[in-house]
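Let's walk through this structure together, one piece at a time. Please take a look at the view below, and then we can begin.

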Amino acid sequence: MDILSSALAAGGQNAAGSESAIPAWFMITSGIVVVAILVFDLLLVIKRPHTPSMKEAGIWVAFYVGLAIVFAGALFAIGDATHGSEFLTGWLLEYSLSIDNLFVFIIIMGSFSVPRKYQQEVLMVGIIIAIVFRGIFILAGSAIITAFVEVFFIFGIFLLIVAYRQAFSDEDEGNGENGLIRLLRKRINVVDEYHGNSLRVTLEGKKYWTPMFIVFIAIGSTDVMFALDSIPAIFGVTQNTFLVFTANVFALMGLRQLYFLLGGLVDKLVYLHYGIAAILAFIGVKLFIHALHESDWDFLSWGAAIPEVPTWLSLSFIVVAMAAATLASLAKMKKDGIPIRSTSTEKSDDSQD
């Protein structure tokens, strides 16, 4: 809650100096509502572990997408077009980039052989961990930008490098274990089998961590690494800390249901990484142009002649890039005779331990 409070306070400040401040009552109310939904969602998952059907996952995805749209509409109503459009663009950007998370989530779940009925709980806890750490990153990023606006040059170059790697790298995704997980396995006692959704068990008088604990850490820490890409990217859309944080939260909240809705379809969308790469490259260039405008370095004064990229153009580019990549992937699947609908999440295995 300290992170949320700090984000709310910082979000009330006018980053660009052109739009009115978002009212404190709106930030506080929306923060309370979001936390309440997250707590309710978490308790629901813990109380009734199961594999959601396609229909259930679809309803929840629609709910969270609708919630984000309502929030954007409220920003339009109580603020101005700048606030609403910046949030909507930032949310779509984070939601698009989070597709990359789904690839890794699938690998992690398979690598650790997580029972399907407990996958919701794993994803939910991992997402909450990610929200906390992203909040820390956002506050740190906001402080750095305030003190050294030229950091946008670094962000821009970094995103261009990431975009290149997205488009052309053939690196293997690995087995789902990052360095932190390998370190934990060496330092703590972990049993090989799951014991329901318990994190610790006592066997023959000795306490052990279960694989469930390792998976929680794997999901959360992996998303933190993805945040190193997405946080600089969203600062290219808005420098309002409140909007940056809420866009991340709304994108992450719908990620769990999207995992079950798409199921095995994600890794079949072979051109999706090109869409993500295009978006990252676009935002990288946008950050570079913004840095030219904001920098006080005299030798860069010529950059003011280059027009800033408007928010509506960023929004349009994100939508078009993801739509084109998805449609091209689906067309290739049809051409290759690959079934579009996945059956991997159709059946519930609530009885599985």
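In which helix is Val104 found? Val104 is part of helix H4, where helices (H or I, at least four residues) and strands (E, at least two) are DSSP runs, numbered from the N terminus. Before going on, please note that this is a predicted model, in which local features need pLDDT of at least 70 and side-chain atom pairs count only at pLDDT 80 or more, while totals for chains, interfaces and linings use all residues. Residues are numbered from 1 along each chain as its sequence is written, and side-chain values use heavy atoms, with hydrogens and water left out.

Back to Val104: with a relative accessible area of 11%, this residue is buried. Here, buried means under 20% relative accessible area, exposed means over 50%, and partly exposed lies in between (1.4 Å probe, protein chains only). Val104 also shows how the chain folds back on itself in space: Thr222 is 118 residues away in sequence, yet the two C-alpha atoms are 8.0 Å apart.

Now for the overall picture. The protein has twelve helices and two strands. Following the chain from the N terminus, the elements come in the order α-α-α-α-α-α-α-β-β-α-α-α-α-α. Of its 353 residues, 51% count as buried. Contact here means heavy atoms within 4.5 Å. Among the contacts with a separation of 6 or more, 80% are between residues 24 or more positions apart.

What lies inside? The largest nonpolar core holds 97 residues, and Phe87, Leu93, Phe112, Phe250 and Ile283 touch the most other members. Such a core is a set of buried Ala, Val, Leu, Ile, Met, Phe, Trp, Tyr and Cys residues joined through side-chain atoms within 4.5 Å. Take Leu93: leaving out residues up to four places away in sequence, Leu93 touches Ala233, Ile234, Val237, Ile279, Ile283 and Ile318.

Ile283 turns up again when we move to helix H6 (residues 151-168), the home of Leu159. Leu159 is buried, with a relative accessible area of 0%. Beyond its neighbours within four places in sequence, Leu159 is in contact with Asp229, Pro232, Ala233, Leu280, Ile283, Gly284 and Leu287. The C-alpha atoms of Leu159 and Ala277 are separated by 9.0 Å, although their positions lie 118 residues apart along the chain.

Next, let's see how some helices pack. The axes of helix H3 (residues 54-78) and helix H9 (residues 241-253) come within 9 Å and cross at roughly 160°. Axes are lines fitted to C-alpha atoms, for helices over the stretch in contact, and angles run from 0 to 180 degrees between N-to-C directions. That angle makes H3 roughly antiparallel to H9; angles under 35 degrees count as roughly parallel, over 145 as roughly antiparallel, 65 to 115 as roughly perpendicular and the rest as oblique. On the H3 side the contact is made by Tyr64, Leu67, Ala68, Phe71 and Leu75, and on the H9 side by Phe242, Leu243, Thr246, Phe250 and Met253. By class, these are nine nonpolar, one polar and no charged residues. In this scheme Ala, Val, Leu, Ile, Met, Phe, Trp, Tyr, Cys and Pro count as nonpolar, Asp, Glu, Lys and Arg as charged, and the others, Gly among them, as polar.

H9 has another partner, helix H2 (residues 24-47), which packs against H9 at an angle of about 20° with the axes 12 Å apart. That makes H2 roughly parallel to H9. Phe26, Met27, Ser30, Val34 and Leu38 of H2 meet Phe242, Val249, Phe250 and Met253 of H9. This contact has eight nonpolar, one polar and no charged residues.

Helix H4 (residues 81-111), where we started, has its axis within 10 Å of that of helix H10 (residues 255-262), and the two cross at roughly 65°. H4 is therefore roughly perpendicular to H10.

Finally, let's step into the loop between H4 and H5, where Ser113 lies. Ser113 counts as exposed, at 53% relative accessibility. Most residues other than glycine have a negative phi. The phi of Ser113, however, is near 50°, a positive value in a residue other than glycine.
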